[in-house]
Amino acid sequence: MPTLSTHVLDVVVGRPAEGVTVTLTPADGDKTGEVVRARTGVDGRIAEPLGGNLAIGIWKLSFALGSYYAEQGTPAFVVNFDVTVALGEERHYHVPVLSTPHAATTYLGT
């Protein structure tokens, strides 16, 4: 079964984004409900793989960036950043997020 991890970097201040709430949910019709909700640690990472061993399929990661930036005293344009990923093989997937209050991007990490 695939595993999934993530980390968030605040590129405005050039450091990991501690305290971002990340939610993982199934994005296809075969599965329902929230799998995990966690917050990034001091290193911007979720300590354990999200959801443990996941089924192959389509999954949605939601990053609550608006709340994170509000805690930093900065109003955000990007309130929630959703990334829908296809886990198609039994391997580890890593989803890094680069964020600012006004933009966010991701890529398939290692």
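1. Tyrosines 68 and 69. In this predicted model, Y68 and Y69 are both buried. A search of the whole structure finds two aromatic pairs, and one of them is formed by Y68 and Y69, whose rings meet edge-to-face with 4.8 Å from centre to centre and 75° between the planes. For a student new to such descriptions, it helps to keep in mind that a pair of aromatic rings is described by two things, the distance of the centres and the angle of the planes.

2. The pair of phenylalanines. The search of the whole structure, with its two aromatic pairs, also gives F63 and F81, which form a tilted pair at 6.2 Å centre to centre and with 40° between the planes. This pair links distant parts of the chain, since F63 belongs to strand 5 and F81 to strand 6, and the two are 18 residues apart. F63 has a relative accessible area of 0% and is therefore buried; F81, at 15%, is buried as well, because buried means under 20% relative accessible area.

3. The nonpolar core. Which residues have the most contacts inside the largest nonpolar core? They are L4, V20, L61, F63 and L65, in a core of 24 residues. The elements that give two or more residues to this core are strand 1, strand 3, strand 5 (57-63), helix 1 (65-71), strand 6 and strand 7, and strand 6 gives the most, with four residues.

4. The surroundings of L65. When neighbours within four places in sequence are left aside, L65 is in contact with V8, V20, V78, V79, F81, S99 and A104. One of these contacts, F81, is also the ring partner of F63, and L65 itself is among the residues with the most contacts inside the largest core.

5. The open sheet. Four strands form an open sheet in the order 4-3-5-6, with antiparallel pairing. Its edge strands are strand 4 (36-39) and strand 6 (81-87), each of which pairs on one side only, while the twist averages 20° from one strand to the next. As general background, strands of a sheet pair through backbone hydrogen bonds, and they do so either parallel or antiparallel.

6. T23 within that sheet. Strand 3 (residues 21-26) and strand 4 pair in the antiparallel sense over four bridges, and T23, which has its place in strand 3, has R37 in strand 4 as its bridge partner. Is T23 buried or exposed? With a relative accessibility of 11%, T23 counts as buried. Not counting residues up to four places away in sequence, T23 touches E34, V36, R37, K60, L61 and S62, so that R37 appears both as a contact and as the bridge partner.

7. Strand 7 and its two partners. Why can strand 7 (residues 92-99) be called largely enclosed by the rest of the structure? The reason is that six of its eight residues are buried. Strand 1 (residues 3-10) pairs with strand 7 in the parallel sense over eight bridges, and L9 stands opposite L98 in strand 7. Strand 8 (residues 104-106), by contrast, pairs with strand 7 in the antiparallel sense over three bridges, with V97 opposite T106 in strand 8. Strand 7 and strand 8 form a hairpin, and four residues lie between them.

8. A charge over a ring. A last point concerns R91 and Y93: the charged end of R91 sits over the ring of Y93, at 4.2 Å from the centre of that ring.

Notes:
Residues numbered from 1 in each chain as written. Predicted model: local features only at pLDDT ≥ 70, side-chain atom pairs only at ≥ 80, totals over all residues. Heavy atoms only, no water. Buried < 20%, exposed > 50% of the residue type's maximum accessible area, 1.4 Å probe, protein only. Pairing = 2+ DSSP bridges. Axes fitted to C-alpha atoms, helices over the stretch in contact; angles between N-to-C directions. Core = buried A, V, L, I, M, F, W, Y, C linked by side-chain atoms within 4.5 Å. Contact = heavy atoms within 4.5 Å. Phe/Tyr/Trp six-rings, centres within 6.5 Å; stacked < 30°, edge-to-face > 60°. Lys NZ or Arg CZ within 6 Å of the ring centre and 35° of its normal.
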